[in-house]
Amino acid sequence: VKTYPVTGDFVVDLADAWFILSVLLVAASSLFFILGTLRNLPSRLDELLFVLAVLDVIATVTFSVEYIYRIRAASSVGLSSPLRYMVSGFGIIDGLCALI
């Protein structure tokens with residue numbers, strides 16, 4: 001596993017960085033959805049809603065690319081076909097995450 005020193009003794013690997021990025025994107029997307037359902041928001045939240053909308057688009061694109069990558073990589077990790085991954089539990093959850 002490739003690691004990257006951040007500061008001093010603190011080291012992060014790519015899996016940890018991807019996990020943190022995923023959690024932040026999901027949180028921003030969820031917050032955008034929640035605030036988008038509210039009526040009569042103060043106008044001072046317009047900039048926040050714009051930033052959250054951009055992050056929501058970034059999350060959708062990121063998770064869609066990840067899903068496509070997982071489909072393509074499915075045959076190289078022992079699954080007989082990409083379709084088998086797509087109909088598995090993880091494949092269905094990944095697909096729904098990419099769409100939402």
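**Tyr85, its ring partner and the α2–α4 contact**

Y85 has a relative accessible area of 8%, so this residue counts as buried, the limit being under 20%. The model is a predicted one. Y85 sits in helix α3, which covers residues 82-86.

The ring of Y85 takes part in an aromatic pair, and the structure holds 1 such pair. The partner is Y67: the two ring centres are 6.3 Å apart and the planes stand at 45 degrees, so the pair is tilted. Planes under 30 degrees apart would count as stacked and those over 60 as edge-to-face. Distant parts of the chain are linked by this pair, since Y67 belongs to helix α2 and lies 18 residues from Y85. Y67 has a relative accessibility of 15% and therefore also counts as buried.

Y67 leads on to a second contact, that of its own helix with α4. In α2, Y67 is one of the residues that meet α4, together with T60, F63, S64 and R70. On the α4 side, the residues met are G91, D94, G95, C97 and A98. By type, the residues of this contact divide into 4 nonpolar, 4 polar and 2 charged.

How are the two helices placed relative to each other, and how far apart are their axes? Helix α2 spans residues 46-73 and helix α4 residues 89-99; they pack at an angle of about 150 degrees, with axes 8 Å apart. That angle makes α2 roughly antiparallel to α4, because angles over 145 degrees are counted that way. The crossing of α2 and α4 is left-handed.

Conventions
Residues are numbered from 1 along each chain as its sequence is written. This is a predicted model: local features need pLDDT of at least 70, side-chain atom pairs count only at pLDDT 80 or more; totals for chains, interfaces and linings use all residues. Side-chain values use heavy atoms; hydrogens and water are left out. Axes are lines fitted to C-alpha atoms, for helices over the stretch in contact, and angles run from 0 to 180 degrees between N-to-C directions. Helices (H or I, at least four residues) and strands (E, at least two) are DSSP runs, numbered from the N terminus. Angles under 35 degrees count as roughly parallel, over 145 as roughly antiparallel, 65 to 115 as roughly perpendicular and the rest as oblique. A crossing is left-handed if the near helix is turned anticlockwise from the far one by less than a right angle, and right-handed if clockwise. Contact means heavy atoms within 4.5 Å. Ala, Val, Leu, Ile, Met, Phe, Trp, Tyr, Cys and Pro count as nonpolar, Asp, Glu, Lys and Arg as charged, and the others, Gly among them, as polar. Rings of Phe, Tyr and Trp (its six-membered ring) pair if their centres lie within 6.5 Å; planes under 30 degrees apart count as stacked, over 60 as edge-to-face and the rest as tilted. Buried means under 20% relative accessible area, exposed over 50%, partly exposed in between (1.4 Å probe, protein chains only).
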